[in-house]
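Student: I have a model open and would like to work through its strands, core and loops. Can we take it one question at a time?
Tutor: Yes. Put it on the screen and begin.

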Amino acid sequence: MGPENWGKEFPTCGKGKSQAPLNIKGPFEKVRFSIAPDYKQGQLKIVNNGHTIQVNVANGSKIRIDGKPYDLLQFHFHRPSEEKIDSMASHMVAHLVHKAGDTKLAVVAVLETSPPNTPPSTVPAFCPRYL
């Protein structure tokens, strides 16, 4: 099931205005907030959740956004990326999912940047095709 059908299966997704997949268009401005990563080494648990490969992390890693701490919960992969930059998708994206307290989420997307014309076959085979 691709993103075009999410609203049918999950009605809340059909009402949103700012959710994946995104097409982020330039021109781009300099970031107006600070992001300070503080990631620690620790035990990882790799899970195939049927949607993607997810890696759950031990407590202790976080980012601070304008000084507010967000704990890293897990990271997972999508191939190709859900996000596009000026209508161009990347071969793969890693989403680092963070949570502040019991409420707010902060997801950092790290887009894989291969040299131009790199065939998708060079992307790790363990990452399931998402779209």
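Student: How many of the 8 residues of strand S9 are buried?
Tutor: This is a predicted model, so we read its values as computed ones. Strand S9 covers residues 93-100. It is largely enclosed by the rest of the structure, because its buried residues number 7 of the 8.

Student: Which strand is joined to S9 by 7 bridges?
Tutor: The two strands run antiparallel. His-78 stands opposite Val-93 in S9. Leu-72 has a bridge partner in S9 too, namely His-98. The strand joined to S9 by 7 bridges spans residues 68-78 and is S6.

Student: How many bridges pair S9 with strand S10?
Tutor: S10 runs over residues 104-111 and pairs with S9 in the antiparallel sense. Ala-94 stands opposite Val-110 in S10. The number of bridges between S9 and S10 is 8.

Student: Which residue takes a positive phi in the hairpin of S9 and S10?
Tutor: Look between the two strands, where the hairpin has 3 residues. One has phi near 60°. That residue is Gly-101.

Student: How many residues make up the largest nonpolar core?
Tutor: In soluble globular proteins, nonpolar side chains tend to be buried together. Here the set includes Ile-53, Val-55 and Val-57, along with Leu-72, Phe-75 and Phe-77. Met-92, Ala-94 and Leu-96 belong to it as well. The count in all is 9 residues.

Student: Which strands each supply at least two residues of this core?
Tutor: Take the core members along the chain: Ile-53 is one of them, and so are Phe-75 and Leu-96. Strand S4 covers 53-57 and is a supplier. The strands that each give at least two residues are S4, S6 and S9.

Student: How many bridges pair S4 with S6?
Tutor: The pairing is antiparallel. Asn-56 stands opposite Gln-74 in S6. The bridges between S4 and S6 number 3.

Student: Which residue in the turn between S5 and S6 has a positive phi?
Tutor: S5 and S6 run antiparallel, joined by 4 bridges. Ile-63 has Tyr-70 as its bridge partner in S6. The hairpin has 2 residues between its strands, and phi in the turn is about 50°. The residue is Asp-66.

Student: Is Ala-58 buried, exposed or partly exposed?
Tutor: Ala-58 is found in the loop between S4 and strand S5 (62-65). Its C-alpha atom is separated by 8.8 Å from that of Lys-40, 18 residues apart along the chain. The relative accessible area of Ala-58 is 34%. Buried needs under 20% and exposed needs over 50%, so Ala-58 is partly exposed.

Student: What is the strand order in the open sheet of 3 strands?
Tutor: The pairing in this sheet is mixed. S1 (23-24) and S8 (88-89) each have a single partner strand, so one side of each is left without a neighbour in the sheet. Those two strands stand at the edges. The order is S1-S7-S8.

Student: Do S1 and S7 pair in the parallel or the antiparallel sense?
Tutor: Strands of a sheet pair through backbone hydrogen bonds, either parallel or antiparallel. S7 covers residues 84-85, and 2 bridges connect it with S1. Ile-24 stands opposite Ile-85 in S7. The sense of the S1 and S7 pairing is parallel.

Student: What is omega for the peptide bond from Gly-26 to Pro-27?
Tutor: Pro-27 lies in the loop between S1 and strand S2 (35-38). The bond from Gly-26 to Pro-27 is cis. Its omega is near 5°.

Student: Is the peptide bond from Arg-79 to Pro-80 cis or trans?
Tutor: Pro-80 has its place in the loop between S6 and S7. Omega of the bond from Arg-79 is near -5°. The bond is cis.

Student: What is the relative accessible area of Ser-87?
Tutor: Ser-87 is found in the loop between S7 and S8, and Asp-86 has its place there too. Asp-86 has phi near 50°, while Ser-87 has a positive phi of about 70° although it is not a glycine. Asp-86 is partly exposed at 42%. Ser-87 is also partly exposed, with a relative accessible area of 47%.

Definitions and conventions
Residues are numbered from 1 along each chain as its sequence is written. This is a predicted model: local features need pLDDT of at least 70, side-chain atom pairs count only at pLDDT 80 or more; totals for chains, interfaces and linings use all residues. Side-chain values use heavy atoms; hydrogens and water are left out. Two strands pair if DSSP finds at least two bridges between them. Buried means under 20% relative accessible area, exposed over 50%, partly exposed in between (1.4 Å probe, protein chains only). A nonpolar core is a set of buried Ala, Val, Leu, Ile, Met, Phe, Trp, Tyr and Cys residues joined through side-chain atoms within 4.5 Å.
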